[in-house]
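Let's take a walk through this structure together, starting in a loop and ending at the ligand. Keep the viewer open and follow along as we go.

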Amino acid sequence: RVHAHKVQGQLAPLPGVKNIIAVASGKGGVGKSTVSVNLALALVAEGATVGILDADIYGPSQPRMLGLTGKPSSPDGKSIVPMRAHGLQAMSIGVLIEEDTPMIWRGPMVTQALMQLLTDTRWEELDYLIIDLPPGTGDIQLTLSQKVPVSGAVIVTTPQDIALLDARKALGMFRKVEVPVLGVVENMATHICSNCGHEEHIFGQGGGARMAAEAGIAYLGDLPLDIRIRQQSDDGKPTVAAIPDSDLAARYRAIARST
Ligand code: ADP
């Protein structure tokens, strides 16, 4: 830990950003982007000034999830003013290109694009910058952990063995690059039938908590598989912004507080 802070401390801070929190997963489709945006919104609800950077260059989700439209402005032709949505500052490669344009890029171009998004965006006095990473342990994760001082990483997984296997690899990567891991969030932990109220553990039960206990890291909480979460993020107004008084929003806020 002490060593980790020393190494991270040698990296120059991002202008306008106090704390950088990376949200990662091993496997794709486990709900990492959904957790990232709701965690960011929960921190706003707790009174913080928060930005979200979509670091998934190949498959950016945040423009759709936040309902971002139009292009960001660039008063000096170099730096970019972040987009605003639901009280967040937001930036994604997805707002700089057309939605259906594939980014057919090799590693070096991707890492260059990530660094530009990070350093050319004029973040304004952020308490937290949440970085929604792509799944896996590749170029983007490495560049991020080596070039900017990440305060900590949150790992998102479902309780399913195959997701946990990959989540452990993400954990191993952060340990190797000496980024402190803040804990595990278990997404899609349970499903309650909206017709009959029957509860079912579609992806298994308790896997996230087991992983956290085995690895000696914090278990930050869980979210159910709930149709509202999917619908609201597809509609561009994630759960914490759409239904702030709900039990679901309260869960995200509890996770934000323990992060
Ligand atoms: P990832 O970033 O891990 O690839 P996403 O956050 O994009 O995953 O989520 C994948 C899909 O699952 C999205 O359509 C999202 O709306 C949906 N989803 C994520 N979490 C939940 C949940 N707890 N309940 C219902 N749908 C969810």
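A good place to begin is P135, which sits in the loop that links β5 to α5 (139-147). Bear in mind throughout that this is a predicted model. Is P135 buried or exposed? The cut-off for a buried residue is 20 or more other C-beta atoms within 10 Å. P135 has 22 C-beta neighbours inside 10 Å, and therefore counts as buried.

Now look at what surrounds this proline. Setting aside neighbours within four places in sequence, P135 is in contact with S25, G26, K27, G28 and K32. There is also a long-range pairing to try with your distance tool: P135 and D56 are 79 residues apart along the chain, yet their C-alpha atoms are separated by 8.2 Å.

One of the contacts of P135 is K32, so let us step across to that lysine, which has its place in helix α2. K32 is buried because it has 27 C-beta neighbours inside 10 Å. Apart from residues up to four places away in sequence, K32 touches V23, A24, S25, D132, P135 and V156. The next stop is S33, also found in helix α2. This serine counts as buried because 28 other C-beta atoms lie within 10 Å. Beyond its neighbours within four places in sequence, S33 is in contact with S61, Q62, M65 and D132. D132 thus appears in the contact lists of both K32 and S33.

What about the helix as a whole? From first C-alpha to last, the 14 residues of α2 reach 20 Å, close to the 20 Å expected at 1.5 Å a residue. Twelve of those 14 residues are buried, so α2 is largely enclosed by the rest of the structure. The buried set runs through K32, S33, T34, V35, S36, V37, N38, L39, A40, L41, A42 and L43. It helps to recall that an α-helix has 3.6 residues a turn, so residues three or four places apart point the same way. After α2 comes G47, with a positive phi near 100°.

From here, move on to strand β2 (residues 50-54), where five of the five residues are buried. V50, I52 and D54 point one way from β2, while G51 and L53 point the other way. Which strands does β2 pair with? One partner is β5 (residues 126-132), joined in the parallel sense over five bridges; within that pairing, I52 has I130 as its bridge partner. Another is β4 (residues 88-92), also parallel, over four bridges; there, D54 is matched with S92.

Finally, let us turn to the ligand. Which of the 17 residues around the ligand come nearest? They are G31, K32, S33, T34 and R230. The elements that give two or more residues to this shell are α2 (32-45) and α8 (227-234). By class, the shell holds five nonpolar, nine polar and three charged residues.

The UniProt record adds an annotation to compare with this picture: its unreviewed entry places a "binding site" feature at G26, K27, G28, G29, V30, G31, K32 and S33. Among these positions, G31, K32 and S33 belong to the group that comes nearest the ligand, while G26, K27, G28 and K32 are among the contacts of P135, where our walk began.

Methods
Residues numbered from 1 in each chain as written. Predicted model: local features only at pLDDT ≥ 70, side-chain atom pairs only at ≥ 80, totals over all residues. Near = placed C-beta within 6 Å. Nonpolar A, V, L, I, M, F, W, Y, C, P; charged D, E, K, R; others polar. Pairing = 2+ DSSP bridges. UniProt positions renumbered as here; feature names shortened; annotations may be inferred. Contact = placed C-beta atoms within 7 Å. Expected span 1.5 Å × (residues − 1).
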